[in-house]
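Colleague: Before I plan anything at the bench, could you take me through this model, one question at a time?

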Amino acid sequence: MTAIAGDENITSVSETGDGRYSVPATLDLTAARELRERLVGMLSGNSVVLDMSAVDRMSTPCVQVLLAAGRSADAAKVSFRIVDASDAFRAAVADLGLETQFFKWVS
């Protein structure tokens with residue numbers, strides 16, 4: 001499947017063409033591995049901007065992957081930002097008590 005920005009059928013992380021990466025609506029347990037693999041590739045020396053506007057479900061493993069990615073980016077002094085965070089994304093982070101850890105990456 002070819003993912004297009006704004007396509008509600010996006011099933012994987014996809015580049016939008018404006019330097020952002022769209023994240024799919026469902027970030028469940030099975031999505032965690034692919035999310036991790038994509039982030040490892042994206043973070044090799046490059047700035048990362050994740051558009052989380054489509055996220056309507058996010059599992060704890062995906063929150064952990066994003067937290068690890070943000071920390072890795074900080075350690076490597078690479079910019080890591082999360083933009084247009086959906087209510088579901090914010091709720092998942094809040095449910096785990098991680099707002100403080102994500103605060104500097106979410107705009």
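The questions and answers below go from the overall fold to single residues.

Colleague: What kind of model is this, and how are its residues numbered?
Modeller: Residues are numbered from 1 along each chain as its sequence is written, and side-chain values use heavy atoms, with hydrogens and water left out. Local features need pLDDT of at least 70 and side-chain atom pairs count only at pLDDT 80 or more, whereas totals for chains, interfaces and linings use all residues, since this is a predicted model.

Colleague: In what pattern do the helices and strands follow one another along the sequence?
Modeller: Helices (H or I, at least four residues) and strands (E, at least two) are DSSP runs, numbered from the N terminus. Counted in this way, the protein has four helices and six strands. Read along the sequence, they give the pattern β-β-β-α-β-β-α-β-α-α.

Colleague: In what order do the four strands of the open sheet lie?
Modeller: Two strands pair if DSSP finds at least two bridges between them. By that rule β1 and β2 (residues 21–22) run antiparallel and are joined by two bridges, while β2 and β4 run parallel, also through two bridges. β4 and β6 pair in the parallel sense over four bridges. The sheet is therefore of mixed pairing, and the order of its strands is β1-β2-β4-β6.

Colleague: Which strands form the edges of this sheet?
Modeller: An edge strand pairs on one side only. Between the edges, Tyr21 of β2 is the bridge partner of Glu15, and Leu50 in β4 is in turn the bridge partner of Tyr21. Leu50 also stands opposite Ile82 in β6. The edge strands are β1 (14–15) and β6 (80–83).

Colleague: At about what angle to β4 does helix α1 run?
Modeller: Axes are lines fitted to C-alpha atoms, for helices over the stretch in contact (heavy atoms within 4.5 Å). Angles run from 0 to 180 degrees between N-to-C directions. Helix α1 (residues 29–42) lies across β2, β4 (48–51) and β6, and its angle to β4 is about 145°.

Colleague: Which residues of β4 point the opposite way from Val48 and Leu50?
Modeller: In a regular strand the side chains alternate between the two faces of the sheet. In β4, Val48 and Leu50 point one way, and the residues on both sides are buried (under 20% relative accessible area, with exposed over 50% and partly exposed in between, using a 1.4 Å probe and protein chains only). Those pointing the other way are Val49 and Asp51.

Colleague: How far apart in space are Val48 and Val78?
Modeller: Val48 belongs to strand β4 and is buried, with a relative accessible area of 0%. Leaving aside neighbours within four places in sequence, Val48 is in contact with Leu39, Met42, Leu43, Ser79, Phe80 and Arg81. Val78 lies 30 residues from Val48 in sequence, and the C-alpha to C-alpha distance is 8.0 Å.

Colleague: Which element gives the most residues to the largest nonpolar core?
Modeller: A nonpolar core is a set of buried Ala, Val, Leu, Ile, Met, Phe, Trp, Tyr and Cys residues joined through side-chain atoms within 4.5 Å. This one has 33 residues, of which Leu39, Leu50, Met52, Met58, Phe80, Phe89 and Phe102 touch the most other members. α1, β4, α2, β6 and α3 (87–95) each supply at least two residues. With seven residues, the element giving the most is α2.

Colleague: What span should helix α2 have, and how far apart are its end C-alpha atoms?
Modeller: The expected span of a helix is 1.5 Å times one less than its number of residues. Helix α2 (residues 60–76) has 17 residues, so the helix should span 24 Å, which agrees with the distance between its end C-alpha atoms, 24 Å.

Colleague: Is Lys77, which follows α2, buried or exposed?
Modeller: Lys77 sits in the loop between α2 and β6, and has a positive phi of about 60° although it is not a glycine. Because its relative accessibility is 77%, Lys77 counts as exposed.

Colleague: Into which class of accessibility does Asp84 fall?
Modeller: Asp84 is found in the loop between β6 and α3, and also has a positive phi, of about 50°, without being a glycine. Its relative accessibility is 40%, so Asp84 counts as partly exposed.
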